[in-house]
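Q: Got a minute to go through this one with me? I'd like to start with a salt bridge and work outward from there.

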Amino acid sequence: MSTVEQTPPTPGSGGPPSAPAPRGHGSGAVTGVAWTVLPYVASVVLAFLVGGLLIQAMGYSAVDALEAVLTSSFDSRFGMVETLHKWVPIVLCAYAFAIPLATGKFNIGAEGQLLLGATGGAAIGITFSDLPAVLLLPAMLVAGVLAGALWAGIAAVLLVRFRVNEVLSTVLLNFVSFRLIDWVATSVWPDAGAGHPATTPVGDGARLPLIGEAPGLHSGVLLVLALAVFIAVGMRFTPTGFEMRAVGDNPRASLINGVKTSRLAGAGLVIGGGAAGLAGAIDVAGVQGRMLEGMQSNFLILGIIVGLMARGSMLALPFIAFGIAVLEFGAGTMQLVASVPVEMVLVIEALILLFLLLSDIVRNRLRGAA
Amino acid sequence: MSEFLTLVVPMWVVFTLAAQGTILSGRTGVFNVTQEGVMALGASVGFVVAYKMGSNLGGLLIAFAVGALVGLVLTVMTTQLRLDQFVVGLALFFAATGAAGLLYREVIGVTMTPPKIDTLTKHEIPLLSDIPVIGEPLFRQDYVFFFVVLLSVGLYWFMQRTGAGLNFRSVGENPKAADSLGINVNLARTWSTIVGSGLVAVAGAYFPLHFTGIYTDGMIAGRGWLVIALAFLGGWRPLYVVAGAAFFAGMDVLGQKAQVIGLGVPHQFIEMLPYVATLLVMVFAFRWARQPAHLGSNYDRESRLAG
């Protein structure tokens with residue numbers, strides 16, 4: 001074990017899981033793409049097959065259940081708007097996981113960073129509720145980003161200065177954040193009439209403008225779309241993006257070549273925290289109108305699943321996140337239509353991920369034989 | 001004081017049991033991160049079986065079996081197929097979390113008042129239980145407590161005092177050297193992960209079977225992650241884990257009693273205590289505590305890379 005990276009645990013082969021380069025000798029671009037896309041398709045199909053068998057074994061109709069999961073997002077304008085509103089936090093939490101992962105670090109704290117971002121955004125939105133939207137809205141989103149980045153920054157400092165394992169610190173900060181926002185929602189800006197720990201509503205100027213006829217799509221979706229392009233380009237074409245990927249691929253070689261690896265790893269965590277914080281602020285400004293307990297939903301787990309499925313491709317990530325958002329919206333409909341518990345969808349998503357991991361081995365065997 | 005200890009000891013059982021399960025596989029190099037999910041699954045399975053069969057022992061045993069099954073999947077995917085341990089662990093954590101809620105909802109359904117089971121009966125050890133202060137908390141306990149004490153001593157004896165234990169630990173320190181000495185690396189990793197994961201699930205089952213009598217989602221509340229911190233803090237040694245678990249249990253109980261204690265601070269800040277204290281302790285733990293050299297890395301005997 002080298003002394004370069006003593007922060008345990010160094011998982012497996014070291015570095016994030018990435019798809020094996022699809023450019024084998026003698027295979028063109030088309031087969032390259034096929035080798036990349038095929039495992040996804042196969043994993044999804046297999047996971048739905050296993051999930052369907054489970055549903056059938058439990059005594060429900062698998063066809064009704066899976067149809068509800070897959071199609072309800074596309075059945076109505078409401079379904080599509082809700083799916084896109086779910087897509088925003090999922091994709092941002094996926095960045096919160098995937099950007100640090102590019103440097104080989106695991107951020108399991110998107111939940112806490114999202115809640116802090118929501119709190120930061122709500123704090124501005126409540127305190128300065130009289131300001132016009134031109135000022136209030138940007139200030140609120142920036143506050144959310146900063147709060148999320150700050151929260152992840154604690155883990156980054158612990159990692160860089162004290163070599164505390166980032167998996168543990170980010171996870172533990174989630175549980176600290178739950179108590180913190182409970183305090184904010186019950187003591188600082190409590191809304192007694194809400195019937196659930198929540199802050200008072202933010203000012204009208206802090207609400208994202210809605211697009212189209214009711215139910216309106218909040219404009220945070222467009223903002224995140226622009227951000228997705230920016231991140232994909234940034235990771236691919238900027239020096240910082242290159243260095244981050246280099247550290248993830250081979251921390252030792254990067255260090256020897258003059259990359260400040262530990263500082264970059266810390267920066268990755270902070271940027272990831274900012275992304276999750278933005279998710280919180282957008283959720284306040286676009287959907288909830290206030291900060292409330294439980295608004296983190298299961299975006300942490302979904303973000304990690306999407307981040308792992310994207311396998312380092314910032315380009316693929318938003319599309320995968322959309323797929324997961326469709327499943328998540330469909331889960332509620334499935335429970336209504338076929339009375340299958342929503343947890344079934346989480347099991348299916350975990351299965352997709354496991355099959356995707358397994359597909360590497362199958363692919364390598366196939367290629368070895370070919 | 002005695003009252004406080006009476007609350008701490010059962011929580012100590014949870015932390016010790018789950019952490020011993022974690023270090024058992026960690027010592028052979030398998031870094032298990034499924035605890036949070038496996039404990040939830042253990043709680044769900046333990047409750048459902050105890051409720052349907054009317055046997056708490058049955059609940060514990062089947063929880064062990066289900067946890068062992070998760071361990072089997074983890075070990076096959078990491079030792080046989082050599083997939084990244086952490087990533088597979090995360091995926092299994094998600095699957096186990098989903099399965100826990102799914103099982104409960106499927107068997108019990110959604111009810112106004114959650115069904116309740118009888119918690120484990122306590123056994124009194126004559127004479128010893130009459131000792132002031134420590135007698136009541138330590139010698140009037142259910143059988144899981146006594147099992148955990150024996151398990152901890154047994155693990156210590158096995159790992160630190162026997163030749164087989166030395167071989168066992170060598171798998172996590174230097175699998176290549178262990179392999180060259182004829183020690184079956186994959187076998188050691190497989191059984192230790194299966195048994196270890198089973199113990200973690202039993203720790204989860206202890207929640208409904210000892211504390212609450214009911215199952216609720218999220219009842220593990222991050223303790224699965226605290227267990228990993230405890231394993232690091234204890235330097236992956238059974239006896240240090242026993243001592244560290246007492247600290248974690250004490251913090252946990254203080255956090256739970258936050259609203260009663262008062263102290264003039266908002267109770268939410270006292271509830272943060274277990275997590276904040278753990279973060280602070282980690283600063284020191286990662287300075288001096290040892291860990292198996294090959295923790296988290298898969299072994300490929302055909303690899304030409306050294307170590």
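Q: How exposed is Glu173(B)?
A: Glu173(B) counts as partly exposed in this predicted model, since its relative accessibility is 23%. Buried here means under 20% relative accessible area, exposed means over 50%, and partly exposed is in between, with a 1.4 Å probe and protein chains only.

Q: Which residue does Glu173(B) form a salt bridge with?
A: With Arg290(B), and the closest N and O atoms are 3.5 Å apart. The rule for a salt bridge is a side-chain nitrogen of Lys or Arg within 4 Å of a carboxyl oxygen of Asp or Glu.

Q: Where do the two sit in the chain?
A: Glu173(B) is in helix H7 (residues 163-173) of chain B, while Arg290(B) is in the segment after H14 of chain B. They are 117 residues apart, so the pair links distant parts of the chain. Helices (H or I, at least four residues) and strands (E, at least two) are DSSP runs, numbered from the N terminus.

Q: And Arg290(B), how exposed is that?
A: Partly exposed, with a relative accessible area of 43%.

Q: Before I go on, what are the ground rules for numbering and filtering?
A: Residues are numbered from 1 along each chain as its sequence is written, and chains are lettered from A and ligands numbered from 1 in the order in which they are written. The model is predicted, so local features need pLDDT of at least 70 and side-chain atom pairs count only at pLDDT 80 or more, whereas totals for chains, interfaces and linings use all residues; side-chain values use heavy atoms, with hydrogens and water left out.

Q: OK. How many salt bridges are there over all chains?
A: A search of the whole structure finds 10. Across the interface of chain B and chain A there are two.

Q: What does Arg179(A) pair with?
A: Glu271(B), at 3.4 Å, N to O. Arg179(A) lies in helix H6 (residues 166-188) of chain A and Glu271(B) in helix H13 of chain B, so this pair joins two chains.

Q: Are those two buried or exposed?
A: Arg179(A) and Glu271(B) are both buried.

Q: What about Arg105(B), which residue does that meet?
A: Glu343(A), in a salt bridge at 2.5 Å, N to O. This one joins two chains as well, because Arg105(B) lies in helix H4 of chain B and Glu343(A) in helix H13 (residues 343-369) of chain A. Arg105(B) is buried, and Glu343(A) is too.

Q: Which residues are linked with Arg105(B) in a network?
A: Glu343(A) and Asp217(B) are linked with Arg105(B) in a network of salt bridges.

Q: Switching to the interface as a whole. How much area do the chains bury?
A: Chain B and chain A bury about 4,200 Å² between them, and 81% of it is on carbon and sulfur atoms. Buried area is the accessible area (1.4 Å probe) that two parts lose on being put together, summed over both.

Q: Which three residues supply the most of chain B's part?
A: Phe94(B), Leu102(B) and Leu279(B) supply 16% of the area that chain B buries against chain A, more than any other three residues.

Q: How many residues are in the contact?
A: There are 48 residues from chain B and 47 residues from chain A, where contact means heavy atoms within 4.5 Å.

Q: Now chain A by itself. What is it built from?
A: Chain A has 13 helices and two strands. Its radius of gyration is 21 Å, close to the 21 Å that the globule rule gives for 370 residues, so it is as compact as a globular protein of that length. That radius is taken over C-alpha atoms, and the globule rule is 2.2 Å times the number of residues to the power 0.38.

Q: What does the C-alpha trace of chain A span?
A: About 65 × 55 × 35 Å along its principal axes. Buried residues make up 55% of the 370 residues in chain A.

Q: Last topic, backbone. What is phi of Trp236(B)?
A: About 60°, a positive phi although Trp236(B) is not a glycine. Trp236(B) is found in the loop between H10 and helix H11 (238-256) of chain B, and is buried with a relative accessible area of 0%.

Q: And where is Arg311(A)?
A: In the loop between helix H11 (299-310) and helix H12 (317-338) of chain A. Arg311(A) has a positive phi near 50° and is buried, with a relative accessible area of 12%.
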